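Could you walk me through this model, stop by stop, while I have it open in my viewer? Please tell me what to select next and what is there.

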Amino acid sequence: MRAPTSLPESSPLWDLWLQTARRFPKETAMFEADSKETRTFQELTEEAWAMARSVPDLPPGSSFAYYEPNGIAWIRAFLACQARGWVALPLDSTVPEPARAKEASSLGAHYLWQQNSLLPLRAEGPLQKNVLLAKVSSGTTGKPRVVHLRPENLLAEGCQLLTSMGLKREDRNLGIIPMGHSYGIGNLVLPLILSGIPLVCAQTFVPSQIPKWIRDYAITVFPAVPVIFRALSELATPQDLSPLRLAISAGSPLSLEVARRFEKRFGLPLHNFYGTTEAGGVAYDPSGEAASQRGAVGRPVVGVIVDISSQGRIRVKSRAAFGRYRWLTLPDLGRWNALGELELIGRMGQLVNVAGRKVGPAEVEAVLRSLPGVTDAWVGVEKRNDAAVLVGAVETSLSVEAVLDLLRERLPAWKIPRCLLSLKEFPRTARGKIALSRLKEEFRKVEPGWSKPQSAAG
């Protein structure tokens, strides 16, 4: 096989990867914790090059979809795309194989890598010139969207996060968050490519395996979602997380309760991180105090400008966001605290008239999430007897009555949800977000008379 090199259509990210691989050729780049397979930087480079050369000549800018789980095969496919100038479109590996071609085509993919062969698709999307990656949003507020990123966007995001989080070549990342999601791209993939920070990853896991992996693989940086940190803080047997130095929480709101439980259990603060598919990293808490003491997500990431609009929506200007360097208005609501830290209030949503007054679900949800003993919360609007009412759910071991007592100390009666459920654990998506369709099924289990809050079995 000809030595890996660059082609005229290769992306700048491939060139940067080659520089990294030449610096550390014999050092291990990837560890698979579940399969025990490893790859050096040189081996990964040769495998990615072989894959890129094995595929027929596709036009540069073709969208190349693949459904690999976390691991060596995922990185190999991503690097192969960079070597040939294709747009990498990593998708959820849990999607059943028969449904993959249809989904990939609907998201604009021209080709699908499946069973080590290339399947042409009937995508109507145009070739994307000077685009390296297509991120897919979680679809929390509607149909998933595809966000295309150029070289300058990915390079900016990588540099911003490496600087803001103080990540070093000596670090080692534990990757259990999906590598193809925006969070995984920024915190796992880019540090590996740009700085050669080795990556230990797993396709499946249970929380009790994580402390052992941290010790066995000398993990120093662990980005995860709040539900994972909650599970770690509730492990029955004593655990040691040495040599971990940095635990980063993102993907969904981190409650005061989870941040405090984790820090008390392990003597290690949780560093809040807030970003979006559209804008990349937005805010980060380098001290770990914003989350556990004030419920904030921190200050703007290095190189990112953040503003709050007159409607309370977060506005971002960042070179990590696709398109020109301009303001991007997000659907999230926020405010600044007295220390200049960003606090998330919720997402832009409808207001509901209660007793002739307007109240937003996001405001009530934020208050619920700040209550002691509550690890997460959700508030929405439902129709009851042709009138709009607030309904809510809390993730807690407290009773509904105990939660209401705490809530009445902080909110007037007209802002308190008419139906409130208490669940020990919320149903979750693979990204750690609340699975709203399954959560709403819990509401259907209670009696239809929502004039009195009722509890559902957790």
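Start by selecting Glu401, which at 51% relative accessibility counts as exposed, because the cut-off for that class is over 50%. This is a predicted model, so please read each stop below as a feature of a prediction. Glu401 sits in helix α12, which covers residues 400-408. Now add Arg313 to the selection and draw a C-alpha to C-alpha distance: the two residues are 88 apart along the chain, and their C-alpha atoms are separated by 33 Å.

Another pair makes a good companion view. Select Ala99, in helix α4 (residues 97-106). At 35% relative accessibility, Ala99 counts as partly exposed. Bring in Glu46 as its partner: they are 53 residues apart in sequence, and their C-alpha atoms lie 31 Å apart in space.

**Two helices with buried residues**

Next, colour helix α3, residues 72-84. Eleven of its 13 residues are buried, so α3 is largely enclosed by the rest of the structure. The buried residues include Trp74, Phe78, Leu79 and Cys81, as well as Arg84. How far apart should the ends of this helix be? At 1.5 Å a residue, its 13 residues should span 18 Å, and the end C-alpha atoms are 19 Å apart, which agrees. Step past the end of α3 and you meet Gly85, with a positive phi near 75 degrees.

Then move to helix α11, residues 361-369. Eight of its nine residues are buried, so α11 too is largely enclosed by the rest of the structure. Among the buried ones are Pro361, Val364 and Leu368, along with Glu365 and Arg369.

**A pocket beside Gly85**

Keep Gly85 on screen and show the second largest pocket, with a volume of about 170 Å³. Which residues are closest to its centre? Of the 14 that line this pocket, they are Glu9, Gly85, Lys129, Asn130 and Val131. The lining divides into six nonpolar, six polar and two charged residues.

Stay with Asn130 for a moment. Asn130 lies in the loop between β6 and β7 (133-136). Its phi is near 60 degrees, a positive value in a residue other than glycine. At 49% relative accessibility, Asn130 counts as partly exposed.

Asn116 is worth selecting alongside. Asn116 has a positive phi of about 60 degrees although it is not a glycine, and its place is in the loop between β5 (111-114) and β6 (117-120). At 67% relative accessibility, Asn116 counts as exposed.

**A strand with two partners**

Now select strand β23, residues 387-396. Eight of its ten residues are buried, so β23 is largely enclosed by the rest of the structure. With strand β22 (residues 374-384), β23 runs antiparallel, and ten bridges join the two. To see one point of this pairing, show Asp376, which stands opposite Glu395 in β23. With strand β24 (residues 419-423), β23 runs parallel, joined by five bridges. Here Gly392 stands opposite Leu420 in β24.

**The cavity**

Leave Asp376 and Glu395 displayed, since both belong to the lining of the largest cavity. How many cavities of 30 Å³ or more does the count give? The count comes to one. The largest cavity has a volume of about 40 Å³. Its lining also includes Pro226, Val227, Arg230, Thr375 and Arg428. The elements that give two or more residues to this lining are α8 (226-233) and β22, and the largest share, three residues, comes from α8. By class, the lining has four nonpolar, two polar and four charged residues.

From α8, follow the chain into the loop that leads to β12 (246-249), where Pro243 lies. Zoom in on the peptide bond between Ser242 and Pro243: this bond is cis, with omega about 10 degrees.

**Last stop: the cysteines**

How many disulfides are there? The count comes to zero. Cys201 is in no disulfide, and the nearest cysteine sulfur, that of Cys81, is 18 Å away. Is Cys201 buried or exposed? At 1% relative accessibility, Cys201 counts as buried. Finish with Cys159, which at 46% relative accessibility counts as partly exposed.

Key. Residues are numbered from 1 along each chain as its sequence is written. This is a predicted model: local features need pLDDT of at least 70, side-chain atom pairs count only at pLDDT 80 or more; totals for chains, interfaces and linings use all residues. Side-chain values use heavy atoms; hydrogens and water are left out. On a 1 Å grid over the protein atoms alone, a cavity is a set of points where a 1.4 Å probe fits but cannot get out, and a pocket is an open set with protein on both sides within 12 Å along at least five of seven lines; lining residues have an atom within 4 Å of a point. Grid points are joined across faces, edges and corners, and a volume is the space filled by probe spheres set on the points. Ala, Val, Leu, Ile, Met, Phe, Trp, Tyr, Cys and Pro count as nonpolar, Asp, Glu, Lys and Arg as charged, and the others, Gly among them, as polar. A disulfide is a pair of cysteine sulfur atoms within 2.5 Å. Buried means under 20% relative accessible area, exposed over 50%, partly exposed in between (1.4 Å probe, protein chains only). Helices (H or I, at least four residues) and strands (E, at least two) are DSSP runs, numbered from the N terminus. The expected span of a helix is 1.5 Å times one less than its number of residues. Two strands pair if DSSP finds at least two bridges between them.
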